[in-house]
Each structure stands twice: as structure tokens, then as C-alpha cells.
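Let's walk through this structure together, piece by piece. Have the sequence and the 3D view open as you read.

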Amino acid sequence: MSDTVQRRFNYSSILIIVFLFGAIVSAGYLFWKTETLSAKVTSLETVQKDLEMELASTTVTLADREEFISELETELESTLDDLEDTEDDLRDEKNKNREFAGQIEDLAGTVNVLDRLSKTDKELLQKYSKVYFLNENFRPSKLTEIDKKYVYPDRQAQFFHSEAWPFLEDMLKEAKSDGVELLVTSAFRSFEEQTVLKGQYTVQYGSGANAFSADQGYSEHQLGTTVDLTTTSVGGAYTSFAQTEAFAWLAKNAYRYGFILSYPENNVHYVYEPWHWRFVGRDLAKYIHRKNIDFYDMDQREINEYLISIFD
Ligand SMILES: [Zn+2]
């Protein structure tokens, strides 16, 4: 073999060796790389599988939870319905109780009214006349002696219906504080006293006594709620009482204490008695004053409606 050929052969061998070596290295690298990636893929696949399992398990749990929540919601709804029903029942019960309480109250009120009426003498608001008169046995349940400073000096002790006395006392006090003198000449008179008095008048004035002194039995004085009033200047001369300042004060103020003039001027029932004042309770006295009417012109049934409040 020539040198040239020999050299070429050597070069070729070297190139082939280099090439083979490169190929082997490359193959090795690729093999290694493939192995590494494959391991990675396997590992990732494991992770994925784990995640998928976890996801599946979580999904199951979530479904369970959703079902549980749904059950709770149903239960809540039913509980709310029950609550609403209970509230309705409670409201019904309360209404029933209120109605019942109302009935009890009405009943108690009726009993109270009946009780008050049964304890109040109906005679106190009666109109007396020759047709309707007071029983000879009638006497006020309780009498109070009128303070002597309010009684006309030459008179004996005077008595007034105990429940009406505070009203008379207030009126006398108020008049005094207004500088008006008011004195009681006569208050309660029993049936017997009235009989005696009438007898005296009859002896003195004959049949004319009927015009100014009521027969026993229809004198309002027997009620204990009526007073004859005067002043020192007038004394027993009653008829001129109408011209006094005291009468003017009474005409203006007496109704506020429950007193009315039984026989006003120009009344068609009896002689004018400006000194004779009867207690009928503040409600009725106010009504009579406001309407400017006479007690004896009123219907007895209308008057009777004021009996319940006579001492209010
Ligand atoms: Zn009188």
C-alpha cells in the first residue's frame, strides 16, 4: 500500500471513530434524557392520579355537604312554618284573653255601677210635688253638723247630708274668701220638724202658708241636701235676698259646687225661693246652668242618669 492510501485510510478511520464516538455519546444522552423524562411523566401521572382521586373524594364530600345543607334548609323552612303557626296561635290566644279581660272589665264596671247605685238614695234626685212625695221614714244615711261659723247666729245646730257636706263647705269657704257672707238658716229638716214648721206658718199666715212652706213629705229639706241661705243684712227677710251680692255670687258660682236653685223666678211649680239651694251633684248642676233650664222642668228619667255621679 502506498503512503497516500495509507494516510487516507488513517484519516477515514479517525473520522469514523470520531463519528461513532459522537453517535454513541448522543445515543447515550438521548437514552438518559428519555429515561429522565419518562420518570418525570410517570411521577406526574402519579400526582395527577392522586389529584384525581382527591378531586373525586372532595366531590363526593361536597355532594354530601350539599345534601346536608339542603336537608337543613328544608328543616329550617318547616321550623319557620311551625313558628309562624305558633305565632298565629299565640295571637289568637292573646286576642281571646283580651276579649275575656274586656268582658270581665265590663262585668266589673256593671257591678260597680249597680253597687254605687244601690248605695245612693234615689230620693236625692227626685222631683217632689203633691203627686210625688217623700216617705215620712226617709232620713239621710248620715248627717254632719254644719260648722257654727257658717250658721245664722240665732239658729240651733244645723245638719247636712254627710256626703254632700264637703261640697257645701267648699262653696261657703270660697264665698268667704271672695268677701261674700253666706249663712245657713236651715238645712236638714226631719218629717216631724217640717210638720211642726208648717203648723206654725199655717197659724201665722193661714192657707197662704202653702205658697211658701212645703207640706211635710215634699220638702226638699228632708233630703239633707238642701240649704236656705241668707246674709246678716237680710236676716230672716228672705225675699230681699235676691237683691244681695250674696245671691249674685250664688247665681254665678253655686253650680260649680253642685247646687241649683230649686224654684227660680217665674217657675211654674212653686213660689220663687232665691234662698233655697239644693245639691244635685256637679254634673247635673253644670248641665242645668249651661242649658239655663229649671230642674223641675226636666224629665225625671233624664235626671236619674246623674244619680250615679252625684257625689263625684
Ligand atoms: Zn228651703
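One term will help from the start: a nonpolar core is a set of buried Ala, Val, Leu, Ile, Met, Phe, Trp, Tyr and Cys residues joined through C-beta atoms within 7 Å. A residue counts as buried here if 20 or more other C-beta atoms lie within 10 Å of its own, and as exposed if 12 or fewer do. Please also keep in mind that this is a predicted model.

Start with the overall layout. The chain is divided into domain 1, residues 1-119, and domain 2, residues 121-309. The centres of domain 1 and domain 2, taken over C-alpha atoms, are separated by 99 Å.

In the first part of the chain you will meet helix α1, which covers residues 3-119. How far apart should the ends of its 117 residues be? At 1.5 Å a residue, α1 should span 174 Å, and its end C-alpha atoms are 166 Å apart, which agrees. Is α1 packed away or in the open? Of its 117 residues the number buried is zero, so α1 lies largely in the open.

Now move to the largest nonpolar core. In general, nonpolar side chains tend to be buried together in soluble globular proteins. This core has 43 residues, and Leu-168, Met-171, Phe-259 and Ile-260 touch the most other members. Two or more residues come from each of α2 (165-177), β3 (183-186), β4 (226-230), α4 (245-253), β5 (259-261), β6 (276-279) and α5 (282-291). The element that gives the most is α2, with six residues. If you would like one residue to click on, try Leu-168: leaving aside residues up to four places away in sequence, Leu-168 touches Phe-160, Val-227 and Phe-279.

The strands that contribute to this core also belong together in another way. Four strands form an open sheet in the order β3-β4-β6-β5, with antiparallel pairing. β3 and β5 stand at the edges and have a single partner strand each, so one side of each is left without a neighbour in the sheet. From one strand to the next, the twist averages 45 degrees.

You can cross the sheet one pair at a time. β3 and β4 pair in the antiparallel sense over three bridges, and here Val-184 stands opposite Leu-229 in β4. The next pair, β4 and β6, is also antiparallel and has three bridges; Asp-228 stands opposite His-276 in β6. To finish the crossing, β5 and β6 pair over three bridges in the antiparallel sense, with Trp-277 in β6 as the bridge partner of Leu-261.

Pause on β6, and look at where its side chains go. His-276 and Arg-278 point one way from β6, while Trp-277 and Phe-279 point the other way. Are these residues buried or exposed? All are buried.

Finally, two asparagines in loops deserve a look at their backbone angles. Asn-266 is found in the loop between β5 and β6, and its phi is near 65 degrees, a positive value in a residue other than glycine. With 7 other C-beta atoms within 10 Å, Asn-266 is exposed. Asn-292 sits in the loop between α5 and α6 (300-304). Although Asn-292 is not a glycine, it has a positive phi of about 55 degrees. Asn-292 counts as exposed too, with 7 C-beta neighbours inside 10 Å.

Conventions
Residues numbered from 1 in each chain as written. Predicted model: local features only at pLDDT ≥ 70, side-chain atom pairs only at ≥ 80, totals over all residues. Expected span 1.5 Å × (residues − 1). Contact = placed C-beta atoms within 7 Å. Domains from an automatic or database assignment. Pairing = 2+ DSSP bridges. Axes fitted to C-alpha atoms, helices over the stretch in contact; angles between N-to-C directions.
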